[in-house]
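Thanks for coming. I will put the model on the screen and then go through a few parts of it.

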Amino acid sequence: MSVRTDRAGSRPAHHLTDELLVDYAAGALGEAESLVIATHLALCPACRTAVAALEDVGGALLEGLAPAELATGSLDTVLARIGGEAPATPRVERKPPSGDRILVPEPLRGYLQASLEELPWKGLLPGLGMFEIATAGKTRKTRLLRVKAGTPMPEHTHRGSELTLVLAGGYSDERGHFVRGDIDITDDSVRHQPVADSDGDCFCLTTTEAPLKLTGRIGRLLNPFVRF
Ligand SMILES: [Zn+2]
């Protein structure tokens with residue numbers, strides 16, 4: 001379920017894992033992960049439905065209602081709904097008409113003082129800009145990334161988990177194609193070199209547990225200097 005391949009309509013194809021949905025619904029995640037997940041939910045009717053259902057289950061359990069019905073398989077039933085028809089909800093355009101500002105959904109919008117295009121981007125590498133977002137948590141970093149159209153990111157792997165939400169444009173690696181609304185969940189088992197789509201800059205919101213580890217020949221030399 002975390003990677004569905006149907007690209008029908010304008011709905012995201014890459015979703016949250018069951019584990020993240022449950023942790024989010026239970027309020028068990030920190031600010032950074034919650035921000036990324038809540039912003040994905042704003043763009044994803046399927047995950048919104050799943051979270052609402054999980055919150056209902058949680059509420060029912062707390063109130064001691066219908067314990068027999070909830071005892072076996074109820075979570076599976078709830079999660080199975082995600083794969084079904086999504087309810088009718090306002091359609092969110094994934095590719096705003098060119099010339100328009102990129103629509104940033106809440107809650108992320110509340111963290112920014114300017115539009116994505118006008119943020120004071122800090123150049124990190126050629127074609128790669130970064131804007132840091134202050135979130136609670138000692139080691140976890142939350143950033144916006146702006147990758148110039150057609151630019152490959154340095155090949156890297158991860159130290160701990162990384163959540164990435166595409167806000168505009170897209171990128172591809174050997175695992176698939178990620179566009180607005182898609183969430184990309186990686187950890188130290190994933191070593192990749194995403195390449196931004198050639199038809200426009202790619203904007204992402206990302207949160208990492210610890211700095212990325214650059215793995216390419218040049219990247220290894222940059223590791224001491226570039227802290228993602
Ligand atoms: Zn989703």
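I start with one strand pair. Glu162 has Thr186 as its bridge partner in strand E8. E8 covers residues 183-186 and runs antiparallel to E5, with 4 bridges joining the two. Before going on, please keep in mind that this is a predicted model.

Glu162 also has a bridge partner in E10, namely Thr208. Strand E10, residues 202-208, pairs with E5 over 6 bridges, again in the antiparallel sense. Is E5 mostly covered or mostly open? Strand E5 spans residues 162-168, and 7 of its 7 residues are buried, so by the cut-off of under 20% relative accessible area it is mostly covered.

Next, the open sheet. It has 3 strands in the order E7-E6-E9, and the pairing is antiparallel. Its edge strands are E7, residues 176-179, and E9, residues 195-196, each of which pairs on one side only. Strand E6, residues 170-173, is joined to E9 by 2 bridges, and these two strands run antiparallel. Within that pairing, Ser172 has Val195 of E9 as its bridge partner.

Now the metal site. Which residues coordinate the zinc ion? The donors are His15 through ND1, His40 through NE2, and Cys44 and Cys47 through SG, at 2.1 to 2.3 Å. Along the chain these donors follow the spacing H-x24-H-x3-C-x2-C. His15 and Cys47 link distant parts of the chain, 32 residues apart: His15 sits in the segment before helix H1 (18-25), and Cys47 belongs to helix H3 (residues 45-63).

On geometry, the angles among the 4 donor atoms run from 91 to 135°, and the site is classed as irregular. For reference, the ideal angle for four tetrahedral donors is 109.5 degrees.

Are the two ends of that spacing buried or exposed? His15 has a relative accessible area of 2% and Cys47 has 0%. Buried means under 20%, so both His15 and Cys47 count as buried.

His40 brings us to helix H2, where it is one of the buried residues. Others in that list include Ala32, Glu33, Leu35 and Val36. In total, 10 of the 13 residues of H2 are buried, and the helix is mostly covered. A check on its length is simple: H2 takes in residues 31-43, and at 1.5 Å a residue its 13 residues should span 18 Å. The C-alpha atoms at its ends are 19 Å apart, so the model agrees with the expected span.

Glu33 appears again in the lining of the second largest pocket, and so do Thr186 and Ser161. How much space lies in this pocket? The figure is about 170 Å³. H1 and E8 each supply at least two lining residues, and H1 gives the most, with 3. The lining also includes Thr17, Leu29 and Leu163.

One last residue, Phe131. Its place is in strand E2, residues 128-133. The relative accessibility of Phe131 is 17%, and the cut-off for buried is under 20%, so Phe131 counts as buried. Phe131 and Leu144 are 13 residues apart in sequence, and their C-alpha atoms are 5.0 Å apart in space.

That is the end of the tour; I will take questions now.

Definitions and conventions. Residues are numbered from 1 along each chain as its sequence is written. This is a predicted model: local features need pLDDT of at least 70, side-chain atom pairs count only at pLDDT 80 or more; totals for chains, interfaces and linings use all residues. Side-chain values use heavy atoms; hydrogens and water are left out. Donors are N, O and S atoms within 2.8 Å of the metal (3.2 Å for Na, K and Ca); water is not among the atoms, so sites may look incomplete. Four donors count as tetrahedral if all angles lie between 85 and 135 degrees; four count as square planar and six as octahedral if opposite donors are over 155 degrees apart and all others between 65 and 115; anything else is irregular. Buried means under 20% relative accessible area, exposed over 50%, partly exposed in between (1.4 Å probe, protein chains only). The expected span of a helix is 1.5 Å times one less than its number of residues. Two strands pair if DSSP finds at least two bridges between them. On a 1 Å grid over the protein atoms alone, a cavity is a set of points where a 1.4 Å probe fits but cannot get out, and a pocket is an open set with protein on both sides within 12 Å along at least five of seven lines; lining residues have an atom within 4 Å of a point. Grid points are joined across faces, edges and corners, and a volume is the space filled by probe spheres set on the points.
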